[in-house]
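User: I am new to this structure and would like to understand the reasoning behind the terms applied to it. Please take my questions one at a time.

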Amino acid sequence: MTFRALPLFGALLIAAGSCSSSATDVPSDGTTSTLLTDAPFPYDRVARVDLFVVSVSASLNPDTSSTAPGSFFTLATPNRRINVLGLQNGITDELGKSNLPSGAITAVRMVIDTDSSSITLKSGALLTGRSTPGIQWQSSAGRPTLNALIHEQIRVPNTGAIVIVDFDVGKAFITPQEINPTSKDSGFIFSPVIRAADATRTGSIAGVVRAHTASGSAVADASLRLYLGNPSQPENTWSALSTTKTDANGAFKFSYVTRSAFWAATPTLASSTYIVAVDPPASAALGRTLMPNVAVTAGAETALGTVVLP
């Protein structure tokens, strides 16, 4: 089965096929794919973020703490650098295909190589773990194993599945000023955030950002954050789920978003909805806009239309 790269704000796609120990249950064409996805941070400063992805694996074991041999199956071994900042507005990078036993994926993990990863600024400066300024990889230096968050069950039927691995750049690389506002360090601190999802059980949110009026100029490099929370409550009570940015035409897209019905079925989140926050680039003399009460349906795109920044 061949999977085309889907439009996304940065996603790793893995096509993983389902199989079983019985020869009669092995599908002739069922495979499960894996993709990689991204999110926003200081886009006005950064030209690219090259992440070296070694491998991605998954477990179908109900005991997600199990480390017994055979608990994890390899989904992909790309062993290459991927510019995750280039995975925006629906663009994905297929990491590989594999055959898995049918069932439900309970855990997904990704191994990266920090020595071969870097951030390139628009000034041309290359930031690594050895440069100044640079990337503070902290305890993740080397070849760390990053565990993904899974909101909704990832099903692997005999016909195969598509596993989305969402590497949130905007949340994974933070500026030192977020920890110490007086810092003059222009590098980044690594605090990995990745999510895995079943592509067939997700939807998307899209729109266009313009300045001052609906017919105003397109706003490029606007930073968007997707929250889950009660719009009537303060913003600091909302959970930030992902981020993205606008392209040169002001267009944006949050892809592979967990459907709203999943949260509605959770008693503690029954009153929560998606809220999209749009912030202008630091250099723009524009204000911020919030879009509350956004709903997402599996297999569908929620169109926000034109979002105006005052």
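User: Which residue in β12 is the bridge partner of Arg 109?

Analyst: In this predicted model, the bridge partner of Arg 109 in β12 is Asn 147.

User: What makes β8 and strand β12 (residues 145-147) a pair?

Analyst: Pairing requires at least two bridges between two strands. Three bridges join β8 to β12, so the requirement is met. The two strands run antiparallel.

User: How do you know that β3 and β8 pair?

Analyst: The same requirement of at least two bridges applies. β3 and β8 have six bridges, in the antiparallel sense, so they pair. Within this arrangement, Val 56 stands opposite Met 110 in β8.

User: Why is Val 53 called buried?

Analyst: Buried means under 20% relative accessible area. Val 53 has a value of 0%, so the term applies. Val 53 lies in strand β3 (residues 46-59), and among the residues it touches are Pro 78, Ile 82, Met 110 and Val 111.

User: Why is strand β15 (residues 161-167) described as largely enclosed by the rest of the structure?

Analyst: Seven of its seven residues are buried, so β15 is largely enclosed. On one side these are Ala 161, Val 163, Val 165 and Phe 167, and on the other Ile 162, Ile 164 and Asp 166; hence both faces are covered.

User: What makes β15 and strand β18 (residues 194-198) a pair?

Analyst: They are joined over five bridges in the antiparallel sense, and at least two are needed, so they pair. Phe 167 stands opposite Ile 194 in β18.

How values were computed
Residues numbered from 1 in each chain as written. Predicted model: local features only at pLDDT ≥ 70, side-chain atom pairs only at ≥ 80, totals over all residues. Heavy atoms only, no water. Helix = DSSP H or I, 4+ residues; strand = E, 2+ residues; numbered from the N terminus. Buried < 20%, exposed > 50% of the residue type's maximum accessible area, 1.4 Å probe, protein only. Contact = heavy atoms within 4.5 Å. Lists of a residue's contacts leave out its neighbours within four places in sequence.
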